[in-house]
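Walk through this model with me, starting from one helix and ending where two chains meet.

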Amino acid sequence: MSQAAATDHPTAAPHAGAPRILDREPLVLNNRSYSWITNRICGIVENKQPALWWVLFVPSVLLTGLTVFCFAYLISTGVGVWGQKQPVAWAWDITNFVFWIGIGHAGTLISAILFLTRQKWRTSVNRAAEAMTLFAVMCAGLFPAFHVGRVWMVWFLAPIPNANAIWQNFKSPLLWDVFAVSTYFTVSVIFWYIGLIPDLATLRDRCKPGLKKVLYGMFALGWRGANRHWSHYETAYMLLAALSTPLVLSVHSVVSFDFATSVVPGWHTTIFPPYFVAGAIFGGFAMVLTLMIPVSKIYGLGDLITPKHIDNMAKIILLTGTIVGYAYCMEFFMAYYSANKLELQTFQLRGLYGPSTWAYYFMFSFNVFAPQLFWYRPFRHNLWVVMFVCMCVNAGMWFERYVIIATTLERHLVPGSWRVYEATWVDKYTFLGTFGFFMMLFLLFLRFLPVIAIGEVKGVLPQSNPHHEDHGKEGVQEEDLMGYPDRHVPREAVA
Amino acid sequence: MSTTLKRVHGYLAEFDSVKDLYHAAEHVRDAGYQRWDVHSPFPIHGMDHAMGVKRSKLPWFVFFGGMTGTCVAFVLQTLTQTTFWSDIGLGVLQTLAETYPTVVQAKPTHIWTLPAFFPVMFELTILFSAFTTLFGLLGLIGLPRLNHPLFVSKRFAKFSDDGFFVCIEARDAKFSQEGTRSFLEKIGGKNVELVEDDI
């Protein structure tokens, strides 16, 4: 059809005033071949790790040990070693839970929502982002499990008959959370694993016979790239994306229900679900960039994770950060507009004259002001600026949860029970240690699994389109099919 | 000299590019072969059409898997939280399961407490759907399997890097030792190889 269009309108110049179509920015730079991509990504797994890997891995393991120690101390001594005292019964632990679970959301957004919206640039980052999701959810799960007090009783959360004939209270948002988070983790694992199968086959086919080949072979399930398999595989992948999209939106909504369905002033608001979801995606993208920029530099993946990718993610951070900023302001407005004294007082204490206003100012400036730098294109292309903003967001999103959770409870309905919350060393080191746990898992992932989805990146190369040479133009098939073959102008010619 | 019996699996032909593979698939389809496949490092857009492969049935499995999840969640919650089953005359279920309504949060024990059960119904729908997707996929493509005759071919390992292959199986009614080979060569296949498997 487009060929016909080309002959109907021979090489004549486009009509004056007709919009010109720019060439798409390539998703993989320098016209890399299929085997270059295979070699480069598999090389990370097959070659010796750089010294920096060990420099990061050893402290990560030690920090993981710190968390293990803190939890052991908690169990052996009692929950009093944490800083929670009435009325602040939820503090660092729940803050950390919400923080980590939010980080995970960017991975699912990239793997599911960007897949459904046909954002092909996702292929370079989705594998690592999904891995990050799993590891973040693992860190998140630790906190509520230990928060129950008697962690050996945590199996009471599971809906299985027990000797007391007592079932869970299914009307409680806390139980919804158990279902939401465990479903989220399970579905994310399935999604991630299905995506990994073809790449595990690639690693299997490159290994010398031995234990490694057997292991990669086992997990690759005997994949042989047959199109009759790809056909079902692509359907399965799309189904999982379609399932994960409402799932990811539901997970943080349900997390926000933990607060929103209570009657605590400052928590009982309907804005919470969208506000939490936007915040989760915001914080998650910051973490994706925090991990992927160094990975890309250290392992020389600059042709696959291009400035275009970083630019796109920076824009998402700008968008979601601004949504979060809107939510902060709207919360204040609604507190005023509701004419509810307690609600208004909560927000005045949070932001104006409470004991923890410093946390509110950190939150607001890190989450709302810092990302505004991304309006300016050169900042989105300067990796130092991008890393700086991401670090601000990482910290800011933790403060957001701290502000919502701890500072709200500090000022209870009954002034007689007011007290200022102070975290103990156990709170602090437990949280610090989870960063080690997270990093340790991510480094092991880099060491043993392909960090970029090899098959998917190959699929977005121009030569992977069976019709790509039919018009003598590379990488612009979509526009060609629209019938404007002569209106392409190289990007450089316009700049 | 080995005396092991060999079984012919089929012919394997290699192609240079996605485009060549696509057109080759159209030729094989038009020649009327049934038991054949193409092998590529990534899914190729439009290849199902070029091969004449029908749409996957997987969504149907997943739909019913998901519905099962919804029902499981509904039964689990109503049975353990409400008097719904007694109200509709199926109290025997509650007796068998030894459950009784949990009265908390001043919420009623009749069926209209249902909205509180939606989140768990939603989550289990997704959970069951996802498991059905995984196991339905594996069932439909017949994996995992420990080995396959194609892995005998040294050249075939390229399929997961940058190799594009067509394999026509000997089980196909139109297969012939000479005819199929020359057919594959005619449509542009390179390194045409007879793949044999130990019995």
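Begin with α14 of chain A. 20 of its 28 residues are buried, so this helix is largely enclosed by the rest of the structure. Keep in mind that the model is a predicted one. Helix α14(A) covers residues 383–410. Its first and last C-alpha atoms are 39 Å apart, close to the 40 Å expected at 1.5 Å a residue. Yet the helix is not free of bending. A kink of about 35 degrees is centred on V403(A).

Turn next to α5(A), residues 126–147. Its 22 residues should span 32 Å at 1.5 Å a residue, and the end C-alpha atoms are indeed 32 Å apart. Burial is the rule here too: 18 of the 22 residues are buried, leaving the helix mostly covered. Just after α5(A) comes G149(A), with a positive phi of about 100 degrees.

Helix α15(A) takes in residues 425–448. What span should its 24 residues have at 1.5 Å a residue? The answer is 34 Å, and the ends lie 35 Å apart, C-alpha to C-alpha, which agrees. Several residues of α15(A) are buried, among them D427(A), T430(A), F431(A), F437(A), F438(A), F442(A) and L446(A). Glycines belong to the buried set as well, including G433(A) and G436(A). Which helices do the buried residues of α15(A) pack against? They meet α2 (34–46), α3 (51–77), α4 (92–116), α5 (126–147) and α9 (272–298) of chain A. The covered helix α5(A) is thus one of the partners of α15(A).

W82(A) leads back to the same region. This tryptophan lies in the loop between α3 and α4 of chain A. Is W82(A) buried or partly exposed? It has 19 C-beta neighbours inside 10 Å, while a buried residue needs 20 or more, so W82(A) counts as partly exposed. Beyond its neighbours within four places in sequence, W82(A) is in contact with L74(A), D93(A), T424(A), V426(A) and D427(A). Of these, D427(A) is one of the buried residues of α15(A). D93(A) is eleven residues away from W82(A) in sequence, and the two C-alpha atoms are 8.9 Å apart.

Now move to chain B and its sheet. Strands of a sheet pair through backbone hydrogen bonds, either parallel or antiparallel. Four strands form an open sheet in chain B, in the order β2-β3-β1-β4, with antiparallel pairing. The edges are β2(B) and β4(B), each of which pairs on one side only. From one strand to the next, the twist averages 25 degrees. Helix α7(B), residues 177–186, packs on this sheet and touches β1, β3 and β4 of chain B. Its direction makes about 10 degrees with that of β1(B).

Look closely at β3(B), residues 164–169. Five of its six residues are buried, making the strand mostly covered. β3(B) pairs with β1(B), residues 6–15, over six bridges in the antiparallel sense. Along this pairing, G10(B) has E169(B) as its bridge partner, and E14(B) stands opposite F165(B). β3(B) also pairs with β2(B), again antiparallel, over four bridges. There D37(B) stands opposite C167(B).

Follow the chain past β2(B) to P43(B), found in the loop between β2 and α2 of chain B. P43(B) has 21 C-beta neighbours inside 10 Å, so it counts as buried. Where do its contacts lie, once neighbours within four places in sequence are left aside? They are W230(A), Y233(A), E234(A) and G459(A). F63(B), by contrast, is 20 residues from P43(B) in sequence and 24 Å away in space, C-alpha to C-alpha.

That brings us to the contact between the chains. Chain B gives 59 residues and chain A gives 52. On the side of chain B that touches chain A, at least two residues each come from α1 (18–31), β2 (36–39), α2 (47–51), α3 (58–81) and α6 (118–141) of chain B. The largest share, 13 residues, comes from α6(B). By type, this side of chain B divides into 33 nonpolar, 17 polar and nine charged residues. The edge strand β2(B) therefore has two roles to trace: it pairs with β3(B) over four bridges, and it supplies residues to the side that touches chain A.

Terms used
Residues are numbered from 1 along each chain as its sequence is written. Chains are lettered from A and ligands numbered from 1 in the order in which they are written. This is a predicted model: local features need pLDDT of at least 70, side-chain atom pairs count only at pLDDT 80 or more; totals for chains, interfaces and linings use all residues. Two residues are in contact if their C-beta atoms, placed from the backbone, lie within 7 Å. Ala, Val, Leu, Ile, Met, Phe, Trp, Tyr, Cys and Pro count as nonpolar, Asp, Glu, Lys and Arg as charged, and the others, Gly among them, as polar. The expected span of a helix is 1.5 Å times one less than its number of residues. The bend at a residue is the angle between axes fitted to the seven residues ending there and the seven starting there. A residue is buried if 20 or more other C-beta atoms lie within 10 Å of its own, exposed if 12 or fewer, and partly exposed in between; C-beta atoms are placed from the backbone. Two strands pair if DSSP finds at least two bridges between them. Axes are lines fitted to C-alpha atoms, for helices over the stretch in contact, and angles run from 0 to 180 degrees between N-to-C directions.
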